[in-house]
Amino acid sequence: MMRRKWMAAGAAAAVLAVAGCGDDGGGGSTDTGGGGEAIENAKQIDVGSMEGAKGEITYCQGKDTTGETKAWGKQFNEKYKSQGLSVKLVEFPASADEQRTQFVQRQEAKAGDCDVFRSDVIWTAEFASQGWLYDLTPYIEERRDEFIQPAIDTATYEGKIWGVPHYTNAALLYYRTDKIDAAPATWQEVYQQAADKGGIVFQGAAYEGLTCDWLEIAYAAGGTVLSEDGKKATIDSPENVAATKLMADAVKNGAAPKAVATYMEPESLTAWQTGKPAMMRNWPYAYGLSQDTPKLKGKFDVAPLPSFEGAGTAAILGGGNNVISVYSKNPGGALAVVDFLAQQEWQTQLTAEFTQASPLKGTYDQPEVKKAIPFSDDLLTALEQAKPRPVSPVYPQISQAIYKNVNEAL
Ligand code: GLC
């Protein structure tokens, strides 16, 4: 078993080396250079253009699992009706990888189909390098201090800011208080306890979510993906093998159901909602939906992710930034949408009603938020300490090398 793991990790290292050398690894049209010219010549947003904007703006995003987009879309359209401005929502599939493909196809065709796109935090470098986004630095500059710094960092590449954070994200360990006495302190204990008490569900399908789940354990174990200068793969390490082995053994010994190898966030949530699993790794949005599940209400709690025995703790920074396509025919109207979503009024609702973590610091002082999310202080700390995934214009290929190999191991 050990030998197979080493081989899987070695294969990932080989793919990483290729990605670093400029081959696009079959993952699409990625410009593997730094995108210098595109970045230098990027169109900059005119902040004043949102005043009095009219027309219909198309907002593209992944699946609206919590219903938040329907809620703000309605509020936006009511607010701007008399001005002649409205928003239309387009939903892409739930998987981050598929959302990216949908957006990439439209940008390659230079289609103005998505005025605003909710871009996963990992795509900033790629999209900016391709010259697909407006430079939103002038908008953020005016409000910089209101945001949690790591959220702004995810929208920053080569000194410019390409998106306005919509939500930020750090995963939690959900556990059943009627099955487990206290939140396990280490990943090793998580799996040991899960084995006897109904199992743990997480995101094990071959897609971005598995990269997050794996990195949380690998980084906690002390592993890394790239060297500090970003030039070499450091994937083939004993720490990364130990993390992979821990996850794969969990499936092998029944601590996690075999089906986790096909689960994305929605499937793990559905499994958790049946009431059988003792634990789940998921993002904060699942808190509200779990509270709304009669089988779970009052029977579960959440905790920060545990540590790796003998090593450290790590959370991975997730989230989505609202970016404006350079092919939009109405950048002023698009900015009005982006601005609406970054106001405290909507952000308080997003966190209190839909339990999505707000990137605005002020949200965590709101009484509605404190009431709806009793762990909001811990959440803020987790968000501020969460580690980013590797930053690279070829990040999608790097991630693919990870999740394909880890999925195979599972
Ligand atoms: C969440 C995170 C995002 C991550 C994705 C993986 O949507 O916010 O950053 O890439 O999950 O499935």
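A polar contact is a pair of N or O atoms within 3.5 Å; within protein, one must be able to donate a hydrogen and the other to accept it, and residues adjacent in sequence count only if both atoms are side-chain atoms. The model is predicted, with local features needing pLDDT of at least 70 and side-chain atom pairs pLDDT 80 or more, while totals for chains, interfaces and linings use all residues. Residues are numbered from 1 along each chain as its sequence is written, and side-chain values use heavy atoms, without hydrogens and water.

Polar side-chain atoms of three residues approach ligand oxygen atoms: Asp120 at 2.6 Å, Arg389 at 2.8 Å and Trp283 at 3.2 Å. Taken alone, the ligand exposes 300 Å², of which the protein buries 89% (Shrake-Rupley method, 1.4 Å probe).

The shell around the ligand (a heavy atom within 4 Å) also includes Tyr167, Asn169, Glu208 and Gly318. By class, four shell residues are nonpolar, four polar and four charged; Gly counts as polar and Trp as nonpolar. Strand E6 (164-169), helix H9 (208-221) and strand E11 (318-324) each give two or more residues to this shell (DSSP runs, at least four residues for helices and two for strands).

The structure holds 14 salt bridges (a side-chain nitrogen of Lys or Arg within 4 Å of a carboxyl oxygen of Asp or Glu). One joins Glu68 and Arg118, with an N to O distance of 3.0 Å. Glu68 lies in helix H3 (residues 68-80) and Arg118 in strand E3 (residues 116-120). The pair links distant parts of the chain, 50 residues apart.
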